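Q: I should like to learn how to read features of a protein model one at a time. Could we work through them together?

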Amino acid sequence: MKNEYLLLTPGPLSTSETVREAMLKDWCTWDDDYNKEIVEVIRTKLVKLATQQDGYTSVLMQGSGTASVESTIGSAISKDGKLLVIDNGAYGARITQIAEYLNIPCHVVSPGETSQPNLNEVETVLASDPTITHVAIVHCETTTGMLNPIEAFASLAKAHGKIMILDAMSSFGGIPIDIAELGIDFMISSANKCIQGVPGFGFVIAKQSELETCKGQARSLSLDLYDQWNCMEVNHGKWRFTSPTHTVRAFYQALAELEQEGGVEARHLRYQTNQKTLVAGMRSLGFEPLLNDELHSPIITSFYSPTDNDYQFKEFYMRLKKQGFVIYPGKVSNADCFRIGNIGDVYPADIQRLIGAIEKAMYWKVA
Ligand SMILES: *Cc1c(COP(=O)(O)O)cnc(C)c1O
């Protein structure tokens, strides 16, 4: 079955026909052909994608990506711990919200949604508050499309002896990183972003020695990261509770397709070409991106909405959808924007067709 339109949204996103076809079979969660040959293979491949070094492991967790973030925050921080959140967008703010729900003491450094966090400010907080045990940051802030300079913040956190948590939800698999080199202890992502699978579960890649300290710390039964990991380790890929089998099988296929494409480097290049093609085309039509080019990730781009009185997002959106493209509303609090994603089974030629479709959909320009 073909899709009627291309999702230019950062998850769920457009998947390949072969990824969708991989879901047409049922699996028994007690059998080796599911646990050992699919789940365990996925777990091993994920670790290899995240680092070349030893000592790391992975856990898959049911739910949307937020469930994996909540599982990590709720399991990694001990009763006496305190979290520093570096927040420059909705996903940084969500980490703080999770900490508040779970009654975890939290300090927030928030430079606003269109600025990068300030290293000196974070350094001052870390130097003045020794009760902070963990630091959390978002890699690509999907709110705006900003790519945060995680190297600098991770090495600062390490210099202060803190545990580092990275929300790499929208970047993992699409931007090369080595979490061991960076000093990341817990990295979170999900099935339906740059690996190009379908929604249903997230995953955490962790330094095993740190994950082992999480035993008995979780503030939620179903989101107990240690217990979930331990069950998968001991029972060779068995999930504690019902596993999203079809999604997992599709993800296995998506990982194979990432390899066929040439790995993360090749995918990164494609996304970058998509993003550059998009920005150049949009500029030629008179649109401007919210962020300066040097702050940008290749994942998603926010554009200022037209200021013409006749412009309405909904109408623009519907005109694009009729031509086969689905775009995303804005999420920035203090600027009127819309967003276009570059990730998924989307190629530069699709972006070029999109620019043509946008030109046709600019009904407010017609006299
Ligand atoms: C998509 C995303 C999440 C998780 O969102 P869900 O809707 O729960 O899947 C978290 N952080 C970032 C940066 C994201 O892009």
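**Reading the model**

A: Let us begin with Asn-235, which is found in the loop between H9 and H10. Please keep in mind throughout that this is a predicted model.

Q: Is Asn-235 buried, partly exposed or exposed?
A: The term partly exposed covers relative accessible areas between the cut-offs of 20% and 50%. Asn-235 has a relative accessibility of 39%, so it counts as partly exposed.

Q: What distance separates the C-alpha atoms of Asn-235 and Leu-320?
A: The two C-alpha atoms are separated by 48 Å, and the residues are 85 positions apart along the chain.

Q: Which backbone feature should one notice at His-236?
A: Most residues other than glycine have a negative phi, and most peptide bonds are trans. His-236 is not a glycine, yet its phi is positive, at about 55 degrees. His-236 also has its place in the loop between H9 and H10, and at 42% relative accessibility it counts as partly exposed.

Q: What is the phi of Asn-103, and where does this residue lie?
A: Asn-103 has a positive phi of about 60 degrees although it is not a glycine. Asn-103 is located in the loop between H4 and strand E4 (106-109). With a relative accessible area of 70%, Asn-103 is exposed.

Q: Which kind of peptide bond joins Gly-11 and Pro-12, cis or trans?
A: The bond between Gly-11 and Pro-12 is cis, with omega about -5 degrees. Pro-12 sits in the loop between strand E1 (6-7) and helix H1 (17-21).

Q: How many salt bridges does the model contain?
A: Side chains of opposite charge can pair when their charged atoms come close. With a cut-off of 4 Å between side-chain nitrogen and carboxyl oxygen, the count comes to 14 salt bridges.

Q: How far apart are the closest N and O atoms of Arg-43 and Glu-233, and which helices hold the two residues?
A: The closest N and O atoms of this salt bridge are 2.7 Å apart. Arg-43 lies in helix H2 (residues 32-50) and Glu-233 in helix H9 (residues 225-234), so the pair ties together parts that are 190 residues apart in sequence. Arg-43 is buried, at a relative accessible area of 5%, whereas Glu-233 is partly exposed, at 35%.

Q: How far apart in helix H12 are Glu-315 and Arg-319?
A: Glu-315 and Arg-319 are 4 residues apart in helix H12 (residues 313-322), about one turn of the helix. Their side chains meet in a salt bridge with an N to O distance of 2.6 Å. Both count as partly exposed: Glu-315 has a relative accessible area of 31%, and Arg-319 has one of 33%.

Q: What separates Arg-353 and Asp-350 in helix H13?
A: They are 3 residues apart in H13, which means a separation of about one helical turn. Their side chains form a salt bridge at 3.0 Å, N to O. Arg-353 is partly exposed, with a relative accessible area of 48%, whereas Asp-350 counts as buried at 14%. Elsewhere, salt bridges that share partners join Glu-40, Arg-43 and Glu-233 into one network.

Q: Where is Asn-342, and is it buried or exposed?
A: Asn-342 is in the loop between strand E14 (337-341) and helix H13 (348-361). Its relative accessibility is 0%, so Asn-342 counts as buried. A polar atom of its side chain lies 3.3 Å from the backbone oxygen of Pro-298. Leaving aside neighbours within four places in sequence, the contacts of Asn-342 include Tyr-271, Asn-274, Leu-278 and Ile-351.

Q: Which domains does the assignment give, and what separates their centres?
A: The domain assignment gives domain 1 (18-260) and domain 2 (262-361). Their centres, taken over C-alpha atoms, are 27 Å apart.

Q: What area do domain 1 and domain 2 bury between them, and which residues of domain 1 supply the most?
A: Domain 1 and domain 2 bury about 2100 Å² between them, 59% of it on carbon and sulfur atoms. Thr-144, Pro-176 and Gln-196 supply 24% of the area that domain 1 buries against domain 2, more than any other three residues.

Q: How many residue pairs are in polar contact between domain 1 and domain 2, and how many salt bridges are there?
A: Between domain 1 and domain 2 there are 16 residue pairs in polar contact and 0 salt bridges. On the side of domain 1 that touches domain 2, H10 contributes the largest share, 4 residues. By class, that side has 11 nonpolar, 12 polar and 5 charged residues.

Definitions and conventions. Residues numbered from 1 in each chain as written. Predicted model: local features only at pLDDT ≥ 70, side-chain atom pairs only at ≥ 80, totals over all residues. Heavy atoms only, no water. Domains from an automatic or database assignment. Buried area = accessible area lost by both parts, 1.4 Å probe. Polar contact = N/O pair within 3.5 Å; in protein donor to acceptor, adjacent residues only side chain to side chain. Nonpolar A, V, L, I, M, F, W, Y, C, P; charged D, E, K, R; others polar. Buried < 20%, exposed > 50% of the residue type's maximum accessible area, 1.4 Å probe, protein only. Contact = heavy atoms within 4.5 Å.
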